[in-house]
Amino acid sequence: MMEIWKPDLIYKADLTLGEGARWHAEWQKFLFIDIKGKLIGTCNPLNGKLVIQKTTKMPGMLAPAADGKLLVALQGEIALLDFETGKTQSLIKFKEDEENRSNDGACDALGRLWVGTMHVNARHHAGNLYCYNGKLVKKIKNTSVSNGICWSPDNRTLYYIDSFLYHIKAFDYDLTTGNISNERVVVEIPGPNMLADGMCIDNEGMLWVAMWGGSCVNRYNPHNGTCIGKIEVNAPHVTSCAFGGELMNQLLITTAKEGLNEEELKKYPHSGSLFLVKLNVTGLPAVPYKPHL
């Protein structure tokens, strides 16, 4: 039997392309971004208070880092951001088309960054998936819309979404080396009007996937491919999700206004907002980035 949840509107954020949900355990706050709005924000789940920092380039993802900083994948580069001042320190530049930008990513259990790139107009096969540990290594070439990435609780499986493929892939993962192998499809996504976007995993090993065009976050069992739960969101373009909160049983959900016409925006006025739902399962906080030099 499929479980159904309804989230609360935590903040009418009015984000153009809200994305990048993460839980910052040290700050006890959720992180999020607006890619097209060029901003990074924090959200306090206790009171819904937002703090915003503008960026000069489009951010694609972010992760906690040391010394109160955030690791941010921007258009053209990976950088460290001082959230208080907004100053960035470039770590490395992508050697890609100038019209490519970074998109979703996450750090593995050892703090290596995995991040994808894509064309700003979502041109097919224009991006790549990288692992960054002091140098950029291409792990999957010719991706289209590189999105959700997460690891099983035992760190032996990597799950990955390229949205235009309409499925979720799994790879055997060697945490020591960062090598991936044994590529396979574990979940099929019914297209073409719904795309798998951001993704996180709970402590039971089930995948929570934001569905662009689907007005929901789906909970999938990657062992048999079935959808076993759904969070119904009052916005069509659901973009990312992350476990957080004091007990790690809250899920922050980001949404977007982009891609909706005037009539759709009137019908779904909470598009671009942040939602929060309390669940009967828990997740893990985002792993901080750790330099491997």
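## Close-up views of the pockets, sheets and turns

**View 1. The largest pocket is lined by 20 nonpolar, seven polar and four charged residues.** Please keep in mind throughout that this is a predicted model. The volume of the largest pocket comes to about 480 Å³. Its lining holds 31 residues, and those closest to the pocket centre are C150, I201, L284, P285 and A286. Five elements each give two or more residues to this lining: β3 (18–24), β11 (100–107), β15 (146–151), β19 (195–201) and β23 (238–244).

**View 2. The second largest pocket has a volume of about 300 Å³.** Here 20 residues form the lining, with R101, M118, V145, W212 and E258 closest to the centre. Two or more lining residues come from each of β11 and β19. Which of these strands gives the largest share of the lining? That would be β19, with three residues. By class, this lining divides into ten nonpolar, five polar and five charged residues. Readers coming from View 1 will recognise both strands, as β11 and β19 are also among the elements lining the largest pocket.

**View 3. An open, antiparallel sheet of four strands runs in the order β3-β4-β5-β6.** The edges of this sheet are β3 and β6 (50–54), each of which pairs on one side only. On average, neighbouring strands are turned by 20 degrees against each other, direction ignored. Looking inside the sheet, β4 (residues 29–34) and β5 (residues 39–43) are joined in the antiparallel sense by five bridges. To find your place in this pair, start at L31, whose bridge partner in β5 is T42. The edge strand β3 also gives two or more residues to the lining of the largest pocket, a handy link back to View 1.

**View 4. A second open sheet of four strands has the order β7-β8-β9-β10, again with antiparallel pairing.** Its edge strands, β7 (59–64) and β10 (88–93), each pair on one side only. Neighbouring strands in this sheet are turned by 25 degrees against each other on average, direction ignored. In the interior of the order, six bridges hold β8 (residues 69–74) and β9 (residues 77–82) in an antiparallel pair. Which residue of β9 is the bridge partner of L70? It is L81.

**View 5. Strand β22 (residues 226–232) pairs in the parallel sense with β1 (residues 3–5) over three bridges.** Strand β22 also runs antiparallel to β21 (residues 216–221), and six bridges join these two. K230 is a good residue to centre on: it is the bridge partner of I4 and also of N218. Strands β21 and β22 form a hairpin with four residues between them, and G225 in that turn has a positive phi of about 80 degrees. As a general reminder, strands of a sheet pair through backbone hydrogen bonds, either parallel or antiparallel.

**View 6. Two loop residues that are not glycine, D14 and Q28, have a positive phi.** For D14, phi is about 60 degrees, and the residue sits in the loop between β2 (8–11) and β3. The relative accessibility of D14 is 44%, so this residue counts as partly exposed. For Q28, phi is near 55 degrees, and its place is the loop between β3 and β4. With a relative accessibility of 38%, Q28 also counts as partly exposed.

**View 7. I140 lies in strand β14 (residues 136–143).** Is I140 buried or exposed? Its relative accessible area is 18%, and I140 is therefore buried, because buried means under 20%. Measuring from C-alpha to C-alpha, I140 and D34 lie 25 Å apart in space, with their positions 106 residues apart in sequence numbering.

**View 8. Stepping back, the protein chain has one helix and 25 strands.** Its radius of gyration is 17 Å, close to the 19 Å that the globule rule gives for 293 residues, so the chain is as compact as a globular protein of that length. The C-alpha trace spans about 45 × 45 × 40 Å along its principal axes. Of the 293 residues, 56% are buried, and I140 from View 7 is one of the buried residues.

Terms used:
Residues numbered from 1 in each chain as written. Predicted model: local features only at pLDDT ≥ 70, side-chain atom pairs only at ≥ 80, totals over all residues. Heavy atoms only, no water. Pairing = 2+ DSSP bridges. Axes fitted to C-alpha atoms, helices over the stretch in contact; angles between N-to-C directions. 1 Å grid on protein atoms, 1.4 Å probe; cavity = no way out; pocket = protein on both sides within 12 Å on 5 of 7 lines; lining within 4 Å. Points joined across faces, edges and corners; volume = space filled by probe spheres on them. Nonpolar A, V, L, I, M, F, W, Y, C, P; charged D, E, K, R; others polar. Rg over C-alpha atoms; globule rule 2.2 N^0.38 Å. Buried < 20%, exposed > 50% of the residue type's maximum accessible area, 1.4 Å probe, protein only.
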